[in-house]
Structures are given as C-alpha cells and as structure tokens.
Amino acid sequence: MPPTKSRQFNPYIFLSLMMLSIGVLIGWQGWYIGNIAPVTSQLLALFLASLILWLKVAIDWPSLITLIGLGLLPGLTYSEVFTLSFGNTTFVFLFFTFIVTYALEQTYALKRVIAWAMNSRFAQVSAERFIFAFLSVVLLLASFISPTILFMIVFPLYEEIMHQFDLKKGDRRASQLLIALFSTIAIGTAMTPINHVFAITAMGIYSSASDVTISNAQYMSFAVPAGLVIYLLLLFSLKYLWHFDLSDIQIKTVHSLKDLPPVDTQERWTIAVFIAMVLMWIVPELLGGLWPNVTLFFKTAGIAFPPMLCCLLLAGIHLQGKPLIHLPEAIQRGVYWPSLLIVAATLSLGSVLTNPEFGVTQLIESYLGTLLIGLTPLMMCLLFITWAGIQTNFASNLVTTTMVTTILTTVAATQMTQNFNVGVVACLIGFIASIALMTPPAMPYVAISIGSNWTSSRDCLKYGGWILVISILTATFIGYPLGHYLISLP
C-alpha cells in the first residue's frame, strides 16, 4: 500500500514549524531583530507560519496550531484566546446558521423555487428568457445558501439543460453558460452575509479590531446594489461580448423539476423558521422608527441570536412525534467544522495583530507609511480590493479574507487613513473574496466544473478573469462610495 500524503515529508509543514520554533525562541530569549521587539517577531512568525499552512496544507488542524501559538505569546493567556475565538459572536453565528440552513436543505424547498422559475410561462417563451430565469433564481438562492452546496444542487440541472439543448462537452456555449452559472453563485454569495463565511469573517475581524459591529442590513445596503450591477454586467457580457447565442435552441420543460413530491407540513414549518431567521436579521433595523425597543433588543442580542433561536424552534417543534431537525445529526452533517476552526483562529489572530501592545501596527506604520500616505481613500480601497480579488482566485478565500482584512485594520490603526471608511472596505474585502471563479483552487465548484469537461481551465481564466475585473471596479467605484455615504463607520 503506498504511503499516504500525510506520511510524506512536506516542506511547507517543516518550514512553518521551524518558523514557529524560531519565533517562540526569539520571544522567550528576548532577542531584538533590528528595532523589532521580541514579542512582535514572535507574533509575525506565527502569522506567516499560519498563512503558509492554510494556503499550502489545510485549514483545520493548522488553525489549532495558530490558537496554541497565540497562547504562547507573552502577556496573552489561553482564556483570552478562547474568548477571542470560540467565544466570539461570529463563531457562534456561523455554527447555528449552518444548522438552520442544513434543515432547509433537507427539504425540496430550493428545488421548488428553481422549478417555479424555469418552468414558468415567462421562461418557456424563448431560450434567452429561460437562461435569464435560471440564472436569476440561482442568484436569489445564492444570497442565502452556501455556494458549494447550491452548486451541487443546480449542476445536475445544468447538465440536464445541456442535454435538452443538444449541446455537447466542448461546445463554447456550454462552457460559457457553466461559467456564467458559478459566477452568478459567486455574485449572490458576495451580496449578503447570510450563511456566507467570507463576508462574516471580514466583518468579524473589523469588529474585533474596532469594537464596532456591522449589521447584516448595513452590509447589504451597498453590497446588494453592487452585486446586482455585476450581475447585469455579466448578462450583458454573456450576450454582447461573449456572443452567447441560443436562437437555434428549442425550450423544453425540465423534467427533473416537474415531479416533485407535494409540500408537507414539515417543509412548511422549516421554511417558516428559516424565513423568520432572515427577517430577524433585517427587518428590526429597517423598521427602527416604528419599533425602537424591538430594534434595540435585536441590536443588543447580536447576529447570533436569530439562528440560535431558530435552532431551538427546529429542535422543539415536533410533528408526528419527531422534531423538525435532530440536533446531533445536524451538528455532525450540517456544520462545516474546518471553516469554523479557521474562523476561530483568524478572528483571534486578527485581534492580536491589531493590538498595539504587540507592536505590529507600529511596524507597519514605519514601513508602509510613505507608500500609503499619498493615496486617496478611493485609491486605497482599490488597492486592497484588487489585492483580495487576485489572491482569492488563486488561494483560499478564507485565508485571503483574513490576511487582507487584518492588514487593512492594522494599517487603519496607524491613523494614516483620515476620511477612509475602513469598515466598508473590510466588508468589500469579504465581498470580493466571494468572487472566486478563475482557477480550481479558488472554489470547489470551479474544480468540479473543469473536471466535468463542460468547461476548461483556459475558459475559466479568460471569462472568469473578465468577471473579476468588472467586480473589482464595481466594488471600488460603486460599492465603496455608496457604503461610505450610507454608513458612518470608523
């Protein structure tokens, strides 16, 4: 039996462990490297080693190394690390949201929404309307469903459509439509922080660094308009720049969406609970003038309260002697623990990096001050968004979000950024980190798409690169000014 990958010598693991060991040694011995304090060197060594492991090895057990390394920093206890990580509101929010979303995914609700759009009279008029209905309903679902899970639901539908259209693998139109499909999922993911790790992680890092909380409604106030602009530009590009022509195609009913079982009571209750969770995130803030006490309660309770309450409802409501969801099963199958581990590690690491006691902010100020001091707020926004957009298409989205947002908040702590809305840019880093569609490492759905032979690496680079460019420009020149106007953040 050949040795597994974990038993082979991995230079990245070796390099990271050596870096960690040297950092701990420097910190404990009190050695200065130039003008850099020992604790600063130790923290930077931990930060770089964590990035190497996350980018090149994995995101689960390396996150535990990060948490252990943080507890070894002078002046920082493990109790404080655990409060910053597993006790963080963002971690709790994601944990309960995963469970509620898992309950929805066990029903036929998502397929019913897709069936309603694709088999409607509007969609059956022409091929263009059919594709528009398909992509638009995917955009809607992507705004509150995990991108990879949604892709696994709609990809078989895509293949069925290709067979009905009589388009074969290798056909240019089939490739373009598949790229447009997962690009739409990426755009929908960027538009809201509901069940989306990247935006929530960026918001959490900013909140930990500034003690200012960004609500879901605030995020969506500028992210949704920016996402809709990108979606319209995608449709425009598909028709007029990519010359996607379906004039010779005959529209047919999607048979796999035609014979869905009737809606049962369990599905109705599950949908009602999920909708209630979304409304509790958005409505109180929008109607603050009418119900100030209700708004104050939900603001004080935080974003983790609605999914926690809905988990209780799902477990407590019994139909025919069975709960709507079995919590042990949902925790085991519905919670993506590697994402939670890296979120816990990145939130605590980001908080420590921006802590003035560890000297990283002063170090960045001394080296980056001359580079950034002359940039306008809009150009600084473009710099960080471009950096995040490029990195997320060739590396982990979560690592990209963590790295770029942490550097952003650290730079902001140097007080070189007057009139620069750091909170909005942090949100836009999470926004652009969702637009991952150029290479297989970017997102699982890109790798699956290329592996299916319905598209190619070349097409993903070409068409996905174009979508990335318009996304960066839209986020910078529409998302940032709109967010800066609507939201006053430090």
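Here is a friendly exchange about pockets, domains and a few residues in a predicted model.

Reader: How should I read the numbering and the values?

Author: Residues are numbered from 1 along each chain as its sequence is written, and side-chain values use heavy atoms, with hydrogens and water left out. This is a predicted model, where local features need pLDDT of at least 70 and side-chain atom pairs count only at pLDDT 80 or more, while totals for chains, interfaces and linings use all residues.

Reader: Why is Thr476 called buried or exposed?

Author: Happy to start there. Buried means under 20% relative accessible area, exposed over 50%, and partly exposed in between, with a 1.4 Å probe and protein chains only. Thr476 has a relative accessible area of 0%, so Thr476 is buried. Its place is in helix H22 (residues 457–486); helices are DSSP runs of H or I with at least four residues, strands are runs of E with at least two, and both are numbered from the N terminus.

Reader: What makes the link from the side chain of Thr476 to the backbone oxygen of Ile472 a polar contact?

Author: A polar contact is a pair of N or O atoms within 3.5 Å; within protein, one must be able to donate a hydrogen and the other to accept it, and residues adjacent in sequence count only if both atoms are side-chain atoms. The side chain of Thr476 reaches that oxygen of Ile472 at 2.9 Å. Not counting residues up to four places away in sequence, Thr476 also touches Leu378, Cys381, Leu382, Ile385 and Pro481, where contact means heavy atoms within 4.5 Å.

Reader: How do you know where the largest pocket lies with respect to domain 1 and domain 2?

Author: Both domain 1 (11–87) and domain 2 (91–207 + 216–334) give residues to the lining, so the largest pocket lies between them. The domain bounds come from an automatic or database domain assignment, and the C-alpha centres of the two domains lie 38 Å apart.

Reader: What makes a space a pocket, and what is the volume of the largest pocket?

Author: The search runs on a 1 Å grid over the protein atoms alone: a cavity is a set of points where a 1.4 Å probe fits but cannot get out, whereas a pocket is an open set with protein on both sides within 12 Å along at least five of seven lines, and lining residues have an atom within 4 Å of a point. Grid points are joined across faces, edges and corners, and a volume is the space filled by probe spheres set on the points. By that count the largest pocket holds about 850 Å³.

Reader: Which residues and helices line the largest pocket?

Author: There are 34 lining residues, with Ile59, Thr148, Tyr336, Ser339 and Pro444 nearest the centre. Helices that each supply at least two residues include H2 (38–56), H8 (147–164) and H16 (337–353). H5 gives the most, with four residues.

Reader: How do the lining residues of the largest pocket divide into nonpolar, polar and charged?

Author: Ala, Val, Leu, Ile, Met, Phe, Trp, Tyr, Cys and Pro count as nonpolar, Asp, Glu, Lys and Arg as charged, and the others, Gly among them, as polar. The lining divides into 21 nonpolar, nine polar and four charged residues. For the second largest pocket, of about 600 Å³, the split is nine nonpolar, twelve polar and two charged. That second lining has 23 residues, and H10 provides its largest share, five residues.

Reader: What makes the phi of His243 and Gln320 worth a remark?

Author: Most residues other than glycine have a negative phi. His243 has a positive phi of about 55° although it is not a glycine, and Gln320 likewise has a positive phi of about 55°. His243 sits in the loop between H11 and H12, and at 52% relative accessibility it counts as exposed. Gln320 lies in the loop between strand E1 (318–319) and strand E2 (322–323), and its relative accessible area of 83% makes it exposed.

Reader: Why is Leu72 placed in its burial class, and Val399 in its own?

Author: Leu72 has 32% relative accessibility, so it counts as partly exposed. Leu72 lies in the loop between helix H3 (61–71) and helix H4 (78–84), and its C-alpha atom is 7.6 Å from that of Val24, 48 residues apart along the chain. Val399 has 0%, so Val399 counts as buried. The C-alpha atoms of Val399 and Leu51 are separated by 7.0 Å, although the two are 348 residues apart along the chain.
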